[in-house]
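Work through the exercises below with the sequence and the model at hand. Each task is followed by a solution in steps.

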Amino acid sequence: MNILSVILCLIFAALAFLHFSWALGNQWGFSSILPTNEHGEKVLNPRAVDCIVIGLGLTVFSLFYLLRTEMVEVGIPEWILKYGGWLIPAIFIVRAIGDFKYVGLFKKIRQTEFGKRDTQFYSPLCLMIGTVGVIIQLM
């Protein structure tokens, strides 16, 4: 369980770092992480504050899995570990399934740059995060 928790902790920390860097104006990888329609128009237009909010959420998830390693002890209620341990994987499994149009394993629009990357990387990563999170809960 510790190894899996450390892996998720590091993945979430890396994703949080990316979101914070985008909030600060870094454009690395930014053009290919947003879903587009068939005409190449962005479906989402996040602002810096949106990237900060997502980055903060990912940081909380990273800290959650750091606590699950039991390398760090903080007196938080057991119910947070119990329900958080199911909520986080659920979020990522739902993201992996997607909206059935632009995002996820069952999306219809697949031929855009985002669609191809989502099929190759983003949705499988979300499914892996969700699956590992469920495995951690069941251990």
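The exercises deal with a predicted model and go from its nonpolar cores to its aromatic pairs and then to one loop residue.

**Exercise 1. The nonpolar cores**

Find which residues touch the most other members of the largest nonpolar core, and which elements give two or more residues to this core.

Solution.
1. The largest nonpolar core has 17 residues, and those touching the most other members are Leu8, Phe12, Tyr65, Ile88 and Phe92.
2. Two or more residues of this core come from each of helix H1 (2–23), helix H2 (48–68), helix H3 (78–97) and helix H4 (113–138).
3. H1 supplies the largest share, five residues.
4. Another core, of five residues, lies apart from this one; Ala23, Phe30, Leu34 and Cys51 are among its members.
5. As a general background, nonpolar side chains in soluble globular proteins tend to be buried together.

**Exercise 2. Contacts of leucine 8**

List what leucine 8 is in contact with, leaving aside its neighbours within four places in sequence.

Solution.
1. With those neighbours left aside, the contacts of leucine 8 are Tyr65, Ile129, Val132, Gly133 and Ile136.
2. Tyr65 also appears, like Leu8, in the list of residues that touch the most other members of the largest core.

**Exercise 3. Two ring pairs of phenylalanine 12**

Classify the pairs that phenylalanine 12 makes with phenylalanine 61 and with phenylalanine 92, and state where the partners lie.

Solution.
1. There are seven aromatic pairs in the structure.
2. For phenylalanine 12 and phenylalanine 61, the ring centres are 5.4 Å apart and the planes stand at 70 degrees, so this pair is edge-to-face. The cut-off used here is over 60 degrees.
3. Phenylalanine 12 is in helix H1 and phenylalanine 61 in helix H2, so the pair ties together parts 49 residues apart in sequence.
4. Phenylalanine 12 has a relative accessible area of 0% and is buried; phenylalanine 61, at 17%, counts as buried too, because the limit is under 20%.
5. For phenylalanine 12 and phenylalanine 92, the centres are 5.3 Å apart and the planes are at 55 degrees, so the pair is tilted.
6. Phenylalanine 92 lies in helix H3, so its pair with phenylalanine 12 of helix H1 ties together parts 80 residues apart in sequence.
7. Phenylalanine 92 counts as buried at 9% relative accessibility.
8. One aromatic cluster is formed by Phe12, Phe61, Phe64, Tyr65 and Phe92.

**Exercise 4. A loop residue**

Decide whether threonine 112 is buried or exposed, and locate it.

Solution.
1. Threonine 112 sits in the loop between H3 and H4.
2. Its relative accessible area is 11%, so threonine 112 is buried.
3. Leaving aside neighbours within four places in sequence, threonine 112 is in contact with Thr36 and Asn37.

How values were computed:
Residues are numbered from 1 along each chain as its sequence is written. Side-chain values use heavy atoms; hydrogens and water are left out. A nonpolar core is a set of buried Ala, Val, Leu, Ile, Met, Phe, Trp, Tyr and Cys residues joined through side-chain atoms within 4.5 Å. Buried means under 20% relative accessible area, exposed over 50%, partly exposed in between (1.4 Å probe, protein chains only). Helices (H or I, at least four residues) and strands (E, at least two) are DSSP runs, numbered from the N terminus. Contact means heavy atoms within 4.5 Å. Rings of Phe, Tyr and Trp (its six-membered ring) pair if their centres lie within 6.5 Å; planes under 30 degrees apart count as stacked, over 60 as edge-to-face and the rest as tilted.
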